[in-house]
Amino acid sequence: MPVPSHAQIVVIGGGIIGCSTAYHLARDHKADVVLVEQGKLTCGSTWHAAGLVGQLRSAASITQVLKYSVDLYERLAAETGLETGWKMTGCLRLARNEDRWTEFRRLATTAKSFGMDMHLLSPGEVKAMWPLMQVDDLVGATFLPTDGQASPSDITQSLAKGARMHGVRIMEGVQVTGFAMDGNRITHVKTGDGAIACDKVVNCAGQWARQVGAMAGVTVPLQPVKHQYIITEAIEGLASDVATVRDPDRFTYFKEEVGGLVMGGYE
Ligand SMILES: Cc1cc2nc3c(=O)[nH]c(=O)nc-3n(C[C@H](O)[C@H](O)[C@H](O)COP(=O)(O)OP(=O)(O)OC[C@H]3O[C@@H](n4cnc5c(N)ncnc54)[C@H](O)[C@@H]3O)c2cc1C
């Protein structure tokens with residue numbers, strides 16, 4: 001299918017960020033948007049994401065955006081008819097030493113200042129919540145009840161459907177190969193299927209964003225790193241709504257998936 005000859009805004013990349021950007025531009029700003037994706041929607045990092053949804057960050061602005069995401073995941077399916085897999089399981093953060101515990105007590109105060117109710121739990125309370133966990137090396141844990149998990153691909157498809165409902169044209173199998181420029185301004189997005197004249201471009205190419213930026217002479221300071229997780233067989237006694245777990249001293253996280261666990265680790 002030929003690409004449209006003109007769009008107010010071209011969004012490059014059909015991952016969760018590109019689809020969310022297109023959805024919000026069309027829904028909230030009534031923008032005329034074309035989204036181009038070189039493969040299929042979700043085929044980049046989004047397809048691989050484990051799906052933990054955490055909200056608390058050190059900056060209030062990012063925390064606000066993440067809180068908004070949780071609100072959106074709760075109501076998106078009702079709007080688009082496509083489920084997101086959102087489960088508000090809460091998230092446990094484990095403290096294995098006194099330094100971490102001190103940090104977590106400060107974190108609970110920060111959470112409060114952002115309007116979030118973060119609980120401080122004893123090892124016994126963690127055990128009651130997560131019976132399969134060995135807790136004898138814990139000092140304590142924080143629990144944020146409004147965190148959870150979702151299916152990143154399903155969220156993206158739901159956002160894409162919402163975007164289409166608001167008039168976004170989504171072109172899959174269309175690769176951006178360069179830009180026509182007028183000085184520093186992009187006038188056309190060049191693709192393997194023709195050029196799209198546009199007023200604005202949003203680079204949502206994820207781990208390829210540096211290469212896409214370079215096509216317009218823009219340096220995007222981004223370096224992809226490898227990240228892996230393992231998925232276990234079903235584990236007896238593991239509840240489907242068990243809290244997600246982050247263990248910062250072991251650089252690992254856990255979440256329930258089809259009766260087993262996903263365990264991801266950072267080097
Ligand atoms: C194993 C793993 C586990 C993760 N777990 C979590 C988690 O639990 N929670 C969490 O929040 N995050 C997690 N992440 C991170 C998360 O996956 C990413 O932050 C997110 O998916 C990035 O989305 P994106 O839309 O920016 O990028 P992508 O999904 O990579 O989308 C970019 C898209 O741009 C397209 N594209 C690139 N170049 C071009 C071009 N020239 N023309 C057209 N299209 C182009 C690509 O094909 C791709 O589809 C995890 C990541 C990995 C790898």
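Buried means under 20% relative accessible area, exposed means over 50%, and partly exposed lies in between. The structure treated in these exercises is a predicted model.

**Exercise 1. Decide whether serine 153 is buried or exposed, and state where it sits and what it touches.**

Step 1. Begin with the location: serine 153 belongs to helix α6.

Step 2. Compare its accessibility with the cut-off: the relative accessibility of serine 153 is 18%, and because buried means under 20%, this residue counts as buried.

Step 3. Look at its surroundings: when residues up to four places away in sequence are not counted, serine 153 touches Thr42, Thr46 and Trp47.

Step 4. Follow one of these partners, threonine 42, which is found in the loop between β2 and α2 (45-48). Threonine 42 is buried too, since its relative accessible area is 6%.

**Exercise 2. Apply the cut-offs to histidine 188, and describe its place in the fold.**

Step 1. Histidine 188 lies in strand β10, which covers residues 185-191.

Step 2. Its relative accessibility is 31%, which falls between 20% and 50%, so histidine 188 counts as partly exposed.

Step 3. Leaving aside neighbours within four places in sequence, the contacts of histidine 188 are Gly178, Phe179, Ala180, Ala195, Ile196 and Ala197.

Step 4. Separation along the chain can be set beside separation in space: histidine 188 and alanine 7 are 181 residues apart along the chain, while their C-alpha atoms are separated by 9.6 Å.

Step 5. For the protein as a whole, consider contacts between residues at least 6 apart in sequence: 69% of these join residues at least 24 apart.

**Exercise 3. Find which residues touch the most other members of the largest nonpolar core, and which elements build this core.**

Step 1. The largest nonpolar core has 25 residues, and the members that touch the most others are Val11, Ala22, Val33, Leu35, Leu159 and Val168.

Step 2. Two or more residues each come from β1 (6-12), α1 (16-29), β2 (33-37), α3 (60-80) and α6 (152-165). Of the elements, α1 gives the most, with 5 residues.

Step 3. Apart from this core lies another one, of 18 residues, and Val3, Ile12, Ala205 and Ala209 are among them.

Step 4. Take leucine 35 as an example of a core member: not counting residues up to four places away in sequence, leucine 35 touches Val11, Gly13, Gly14, Gly18, Cys19, Ala22, Leu41, Val168, Arg169, Ile170 and Met171.

Step 5. A general tendency gives the background: in soluble globular proteins, nonpolar side chains tend to be buried together.

**Exercise 4. Classify how α1 and α6, α1 and α3, and α3 and α6 are oriented to each other, using their crossing angles.**

Step 1. The axes of α1 and α6 come within 8 Å and cross at roughly 25°. Because angles under 35 degrees count as roughly parallel, α1 and α6 are roughly parallel to each other. The crossing in which α1 passes α6 is left-handed. On the α1 side the contact is made by Ile16, Cys19, Ser20, Ala22 and Tyr23, and on the α6 side by Pro152, Ile155, Thr156, Leu159, Ala160, Gly162 and Ala163. These residues divide into 9 nonpolar, 3 polar and no charged.

Step 2. The axes of α1 and α3 come within 14 Å and cross at roughly 75°. Since 65 to 115 degrees counts as roughly perpendicular, α1 is roughly perpendicular to α3. From α1 the contact takes Ile16, Tyr23, His24 and Arg27, and from α3 it takes Tyr68, Leu72, Tyr73, Arg75, Leu76 and Glu79. Here the division is 6 nonpolar, 1 polar and 3 charged.

Step 3. The axes of α3 and α6 come within 10 Å and cross at roughly 55°, and α3 and α6 are therefore oblique to each other. Their crossing is left-handed.

**Exercise 5. State the sign of phi at threonine 42 and phenylalanine 251.**

Step 1. Recall the general background: most residues other than glycine have a negative phi.

Step 2. Threonine 42, although not a glycine, has a positive phi of about 75°.

Step 3. Phenylalanine 251 also has a positive phi, near 55°, and this residue is placed in the loop between β13 (244-247) and β14 (252-257).

Note on methods:
Residues are numbered from 1 along each chain as its sequence is written. This is a predicted model: local features need pLDDT of at least 70, side-chain atom pairs count only at pLDDT 80 or more; totals for chains, interfaces and linings use all residues. Side-chain values use heavy atoms; hydrogens and water are left out. A nonpolar core is a set of buried Ala, Val, Leu, Ile, Met, Phe, Trp, Tyr and Cys residues joined through side-chain atoms within 4.5 Å. Buried means under 20% relative accessible area, exposed over 50%, partly exposed in between (1.4 Å probe, protein chains only). Helices (H or I, at least four residues) and strands (E, at least two) are DSSP runs, numbered from the N terminus. Contact means heavy atoms within 4.5 Å. Axes are lines fitted to C-alpha atoms, for helices over the stretch in contact, and angles run from 0 to 180 degrees between N-to-C directions. Angles under 35 degrees count as roughly parallel, over 145 as roughly antiparallel, 65 to 115 as roughly perpendicular and the rest as oblique. A crossing is left-handed if the near helix is turned anticlockwise from the far one by less than a right angle, and right-handed if clockwise. Ala, Val, Leu, Ile, Met, Phe, Trp, Tyr, Cys and Pro count as nonpolar, Asp, Glu, Lys and Arg as charged, and the others, Gly among them, as polar.
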